[in-house]
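Got the viewer open? Let's walk through a few selections and see what turns up at each stop.

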Amino acid sequence: MQTTSLALHTDKYQINMMYAHWVNGTHKRKAVFEAYFRKLPFGNGYAVFAGLERIVNYISQLRFNMDDIKYLSKQEENYDPVFLEELLQFSFQGTIHSMKEGAIVFPDEPLIRVEGSIMETQLVETAILNFMNYQTLIATKASRIKQVASQDTLLEFGTRRAQEADAAIWGARASYVAGFHATSNMLAGERFGIPTAGTHAHSWVQSFMSEQEAFDVYAKVLPDQVTLLVDTFDTLNSGVPHAIKTAKMLESQGKRMNAIRLDSGDLAYLSIQARQMLDEAGLDYVKIVASNDLDENTIFNLKAQGARIDTWGVGTQLITASDQPSLGGVYKLVEREVDGGEMLPTLKISANPEKVSTPGKKEVFRIIDPKHGKAIADYICYPGEEQPLQGGPLKLFNPLHPYLKKTVTRYEAINMLEPIFVNGRKVYELPTLDEIRSYHREQMNLFWPEYQRKLNPEIYRVNISPAAWNMKQKLIAEHVQFTEE
């Protein structure tokens, strides 16, 4: 997918830390990092994980070329030429586990786990967070829109307002993962096989002597793909009546017009009136498409007002995630190698309690109630803890509020972290986009509606094992004792 080197798609401090480890002789020591987010975006009850395909492509092609090395040699740090020469031989030899794309995910649980030398695990941080944060954010936004318009057709129209080409292309893909039906972006369509959709602009109508001529010419050229933009001049007194005439012309040729599009004004009122005009003209098969700065809140309100809209073209608010333009995912060291080869769990302490990390390399299990086939909690534990796989009684408690606890005895446990790379070798076959969409639908079906609703969703519980909880408390206590001495 990438045709140019992305080795320098990283922050400078990553290179500096790599170099410092190299000079110090600690660059081959093992480390484990985990990527996660602390807070759900958009006030939502869940998030949708996306970005794995691009991460896999990035890791698979991660090499420094001569241009990269020449650039690094010009930096004010004056990196040792021997270090730069070693970078030319670099390839990722670590191990990565990840959630599958389309998975429903929650705060404070590992979405991606990276194991390897401290040098390589440090290098990949920036790119992994960049790809994960943006695509997960857009997939989550798209899923929220899908929730309020689940029976309607959803079109991604955001390219012209996206923050550059990569955001437009990968944002279109993330939207499709979460249930959108098509994109206006032709390059995204070509690269990923996403269906494409488009109508015409106001400039098409303006370029003719009359609106009627513009509609008729368009229908003659594309008789099987006719959706007419009816608000260039006057939606109800001009646009819709002229569209009806064009539709009748098509009927005389044995064709059917697809839809009209509303792009301004009171969309609820205009759609209700336009629907009535179309029905009275015997054109009940003609759909109504709406656009104009739509998001889940606008669509929710329009539906509450009885809007007669079948298809939603969503652009700026989706592709830019305008109400929360960053996911805020982080990448934290959870385990490191010390002298003698032992791996020790590490803890990040913060004045903000929510930023205190959970130490140690961890697995994530989704606990399913077999009676209803619904998820009841996620369970984070250490790899050596086999309890979820053995099916014995499982103690669930909220790590922020330990008094909120219960024990489950009948359950199924799904390991959510898949091996992607093992010792530098890719072991995961990337699914097709349709397979990812299908997996996402399966994931959504695992959760009761109260976790998915737009307003005041129920909080889904993410629990940690007693061993992980005790280790965290132990390291916190050791830190407090050390600082007090």
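Start by selecting helix H1 (residues 12-24) together with helix H4 (residues 81-88): their axes come within 11 Å and cross at roughly 110°. That angle puts H1 roughly perpendicular to H4. Now show side chains: on H1, pick Ile15, Met18, Tyr19 and Trp22, and on H4, pick Val82, Phe83, Glu86 and Leu87, since these residues make the contact. Residues three or four places apart on an α-helix point the same way, because there are 3.6 residues a turn. As for handedness, H1 passes H4 in a right-handed crossing. Keep in mind that this is a predicted model.

Next, widen the selection to residues 8-133. An unreviewed UniProt entry annotates this span as "domain: Nicotinate phosphoribosyltransferase N-terminal". Colour the span by secondary structure and you'll get 42% helix and 17% strand. Put a distance label on the end C-alpha atoms of residues 8-133, and it should read 18 Å.

Now jump to helix H7, residues 165-177. How far apart should its ends be? At 1.5 Å a residue, the 13 residues of H7 should span 18 Å, and the end C-alpha atoms are 19 Å apart, so the two agree.

Stay on H7 and turn on a surface for everything else. Is this helix mostly buried or exposed? Of its 13 residues, 11 are buried, so H7 is largely enclosed by the rest of the structure. Among the buried ones are Trp170, Arg173 and Tyr176, along with Gly171.

Last stop: step just past H7 to Gly179, which takes a positive phi of about 120°.

Notes. Residues numbered from 1 in each chain as written. Predicted model: local features only at pLDDT ≥ 70, side-chain atom pairs only at ≥ 80, totals over all residues. Heavy atoms only, no water. UniProt positions renumbered as here; feature names shortened; annotations may be inferred. Helix = DSSP H or I, 4+ residues; strand = E, 2+ residues; numbered from the N terminus. Expected span 1.5 Å × (residues − 1). Buried < 20%, exposed > 50% of the residue type's maximum accessible area, 1.4 Å probe, protein only. Axes fitted to C-alpha atoms, helices over the stretch in contact; angles between N-to-C directions. Parallel < 35°, antiparallel > 145°, perpendicular 65-115°, else oblique. Left-handed = near helix turned anticlockwise from the far one by under 90°. Contact = heavy atoms within 4.5 Å.
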